Amino acid sequence: MTGTPQGGIVSPLLANIYLHTLDKYMESKYLKLSDWQRRQRRAQGNGNYLYVRYADDFVVLCNGTKAEALAMKEELKERLSTMGLTLSEEKTIVTHITEGFDFLGYRVIRSLGTKGKMIPKVLIPEKAVKRLIGEVRRRLAPSSTDESTSTTIMGLNRLTRGWCEYYRCTNDPAKVFSKIEYELFWDMAHWLGRKYDMDMPAVMRRFRKGNTFGTSMTTLVMPTEHKAKRFVAKTWHNPYTEPEKVKSEKARIKYESLPTYNQNWDGHENRQGQGDLREEIILLKGTVCALNMPGICESKGEPLHPSEVEVDHIIPRTRFKDPMKADSMDNLQPVCTPCHRAKTKSDLRVLSRMR
């Protein structure tokens, strides 16, 4: 569709509004046929159709001849023109199911199954694998070695987790996951070697954890940890309305709060190296709040969970001519969030008076 932002929230909404008419047309003419009517069409030498749409992407499956498939393409083209829309010739292809087609990031094809029969399969496209490997290599490029090991691992975990969860319902995803795991393992090993100026044996001794790598607090999640999942069709209901316990004319609309995504976090730090520094503070000085301010400290001298620990500069960084000296172990302490905020507020007042 022209005039809608690619990837914008409003784009699929407008697609659903505009293409609802096409849905009704295909449903009334081809999809609502009974089994008897479908058998009659086949007996007369005509094919039947299956139509599936998601936002502005749709696919029409036909068990007839290629001529019928081409005729359906022209029919859709004409129907869309009456709605003020144009069918993209570049993106609209007519292909045999044994050659396969891509839909919503999946490769749909019919090929030989394990029992020697031709069966439909949903596969992971090779181009999707190449895109993921390319993104892994970008994040583990030599220019990124100033980033903390822990945050780099966390960023990679987010990337691979989302990708593997999306593709774990495909046919035999373990084979593809193993291929990606091999690439991820060695890219990470070489990144650690460059960052700490180590040879491979030293990297393995210090960071290897079984078939992966990690620090004392973070571990790189490997793709093969995401097991294949069989897709089970469920009864669909509108996710934007409350489940109807009692039949009523109007279903109450359920609103959701959507987060704003400017881009997927890739492990980049605003202050490079702080993630590793935080882990060192926890290992050397523990997880008890060093300030423990009365009336402010929520931990009250109890150990904090490692995820709750914040690193505080005893003497503020702005008091140092060389900010690197501010990050020495003698000038750092573990604190809870309320104490950290209170001390930062106090430090800012003192600094403003000095100026």
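Buried, as the word is used on this tour, means under 20% relative accessible area. The model on display is predicted.

**First stop: strands S8 and S9**

Select residues 332-335, which form strand S9. Leu332 and Pro334 point to one side of the strand, while Gln333 and Val335 point the other way. In a regular strand, side chains alternate between the two faces of the sheet. Each of the four residues in S9 is buried.

Now add residues 310-313, strand S8. S8 and S9 run antiparallel and are joined by 4 bridges. To see how the strands are aligned, display Asp312, which stands opposite Gln333 in S9.

**Second stop: Lys73 and Glu89**

The next selections concern salt bridges, of which a search of the whole structure finds 18. Select Lys73 and Glu89, whose side chains meet in one such contact, at 3.2 Å from N to O. Lys73 belongs to helix H3 (residues 66-82), and Glu89 to the loop between H3 and strand S3 (101-103), so this salt bridge ties together parts that are 16 residues apart in sequence. Colouring by accessibility sets the partners apart: Lys73 has a relative accessible area of 16% and is therefore buried, the cut-off being under 20%. Glu89 is partly exposed, with a relative accessibility of 42%.

**Third stop: Lys127 and Asp102**

Move to strand S3 itself and select Asp102 together with Lys127 of helix H4 (residues 126-139). These two residues form a salt bridge in which the closest N and O atoms are 3.3 Å apart. The pair ties together parts that are 25 residues apart in sequence, because one partner lies in H4 and the other in S3. Lys127 is partly exposed, at 48% relative accessible area. Asp102 is also partly exposed, at 34%.

**Fourth stop: Lys175 and Asp172**

Which side chain meets that of Lys175 in a salt bridge? Select Asp172: the N to O distance for this pair is 3.9 Å. Lys175 has a relative accessibility of 61% and counts as exposed, whereas Asp172 is partly exposed, with a relative accessible area of 49%.

**Last stop: a salt-bridge network**

Finally, select Lys24, Glu27 and Lys32 together. Salt bridges with shared partners join these three residues into one network.

Definitions and conventions
Residues numbered from 1 in each chain as written. Predicted model: local features only at pLDDT ≥ 70, side-chain atom pairs only at ≥ 80, totals over all residues. Heavy atoms only, no water. Buried < 20%, exposed > 50% of the residue type's maximum accessible area, 1.4 Å probe, protein only. Helix = DSSP H or I, 4+ residues; strand = E, 2+ residues; numbered from the N terminus. Pairing = 2+ DSSP bridges. Salt bridge = Lys/Arg side-chain N within 4 Å of Asp/Glu carboxyl O.
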